[in-house]
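Q: Hi! Could you walk me through this one while I have it open on my screen?

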Amino acid sequence: MSRLSSLTFPIVQISLDLTNIDEALDTAAIAVDAGVDWLEAGTPLLLAEGLHAVEQLRARFPNHPIVADLKTMDGGYLEAEMMAKAGADLVVVMGRAHEATVRRVVDAARHYGIKVMGDNMVAEDRVKNAQWLESLGCDYIIHHIGFDERGLVKGLSPMDELDAVVEAVNVPVQAVGGLTIPQAIDCPAHGAPLVVLGAPLVIDANEFKTSSNDLHTVLREISTEIRKTPLKRWTADGTRIAQEGK
Ligand SMILES: O=C([C@H](O)CO)[C@H](O)[C@H](O)COP(=O)(O)O
């Protein structure tokens, strides 16, 4: 049975945007113990350690879904196939890629029984791009403001268009890029049931009212808050609540 066959929303994911596998495994162990649901092999980790990062995460955490944030732009079938064989449950394809690439990633995902996250980063119209990715078979949408884009244009946030993206598609959405901890906690209330925690953990964990500053406690407290947030548009078992007029 697939590790994704029984979802309980909201999902809490940690992005392991690290550059060595030992640190990633240690961080993942803390996260899993603190109750995090999904592990993300972040792009820097995949660049530094390659497929072995996914293989080692899979070996150490056999029951936890793994997202491979490969950001595929071309060669979609092979990239998704390699990640699936290494043990990933979800792969990421870019909404700026050619339609053929998105389709090939989806083909590989269907063949290997994994899921596809379509990422709308740097699309001219992120809402339309999310719809397009869904129409091509993506199972989830990542509504993403890129790291460099945020560095250049201060104040950009995925929260700005999150409601519009959630209303435009029928698949679950994840907001990514520069979220503060309170914004991450608020995602389920915007109808985005996949909540990813990354840089905010180190950037503003001190500002989050927690009983401790150690990663395990912070992760456990944030995960608890996320699960307490009233979920919009989705039921806990992963069923989309129909909207009027849709
Ligand atoms: O995908 C990411 C980015 O493109 C760099 O590889 C990051 O995981 C993502 O932007 C997360 O951002 P933070 O919210 O700053 O952790």
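Q: Let's start with α1 and α3: which residues meet there?

A: Sure. On the α1 side there are Ile21, Ala24, Leu25 and Ala28, and they meet His52, Ala53, Gln56, Leu57 and Arg60 in α3. Keep in mind that this is a predicted model.

Q: And by class, what has that contact of α1 with α3 got?

A: Six nonpolar residues, two polar ones and one charged one make up the contact of α1 with α3.

Q: At what angle do α1 and α3 pack?

A: The angle is about 35 degrees, and the axes of α1 and α3 (residues 51-60) are 11 Å apart. The crossing of these two, α1 and α3, is right-handed.

Q: Cool. Where do α1 and α11 stand, how many degrees do they cross at?

A: Helix α1 (residues 21-33) crosses helix α11 (residues 215-228) at roughly 45 degrees, and their axes come within 8 Å. That angle is neither under 35 degrees nor in the 65 to 115 range, so α1 and α11 are oblique to each other. Their crossing, α1 with α11, is right-handed.

Q: Which residues make that contact?

A: From α1 you have Ile30, Ala31 and Asp33, and from α11 Leu215, His216 and Leu219. By class, the contact of α1 with α11 holds four nonpolar residues, one polar and one charged.

Q: Switching topic: what about α4 and α5, how far apart are their axes?

A: The axes of α4 (residues 76-86) and α5 (residues 99-112) are 7 Å apart, and the two helices pack at an angle of about 30 degrees. Angles under 35 degrees count as roughly parallel, so that is how α4 and α5 run to each other. α4 passes α5 in a right-handed crossing.

Q: Which residues of α4 and α5 make the contact?

A: α4 brings Gly76, Tyr77, Ala80, Glu81 and Ala84. α5 brings Thr101, Val102, Arg104, Val105, Asp107, Ala108, Ala109 and Tyr112. Sorted by class, the contact of α4 with α5 has eight nonpolar, two polar and three charged residues.

Q: Now the ligand. Which residues come nearest to the ligand?

A: There are 13 residues around the ligand, and Thr43, Phe147, Gly177, Gly198 and Ala199 come nearest.

Q: How does that shell divide by class?

A: The shell around the ligand divides into seven polar, four nonpolar and two charged residues.

Q: Zooming out, how many helices and strands are in the protein chain?

A: The protein chain has 11 helices and eight strands. Its radius of gyration is 17 Å, close to the 18 Å that the globule rule gives for 246 residues, so the chain is as compact as a globular protein of that length. The C-alpha trace spans about 50 × 45 × 40 Å along its principal axes.

Q: What is the peptide bond from Phe9 to Pro10 like, cis or trans?

A: The bond from Phe9 to Pro10 is cis, with omega near -5 degrees. Pro10 sits in the segment before β1 (11-16).

Q: And what about phi at Lys71?

A: Lys71 has a positive phi of about 55 degrees, although it is not a glycine. You'll find Lys71 in strand β3 (residues 66-72).

Q: Why point those two out?

A: Because most residues other than glycine have a negative phi, and most peptide bonds are trans.

Technical notes:
Residues numbered from 1 in each chain as written. Predicted model: local features only at pLDDT ≥ 70, side-chain atom pairs only at ≥ 80, totals over all residues. Near = placed C-beta within 6 Å. Nonpolar A, V, L, I, M, F, W, Y, C, P; charged D, E, K, R; others polar. Axes fitted to C-alpha atoms, helices over the stretch in contact; angles between N-to-C directions. Helix = DSSP H or I, 4+ residues; strand = E, 2+ residues; numbered from the N terminus. Parallel < 35°, antiparallel > 145°, perpendicular 65-115°, else oblique. Left-handed = near helix turned anticlockwise from the far one by under 90°. Contact = placed C-beta atoms within 7 Å. Rg over C-alpha atoms; globule rule 2.2 N^0.38 Å.
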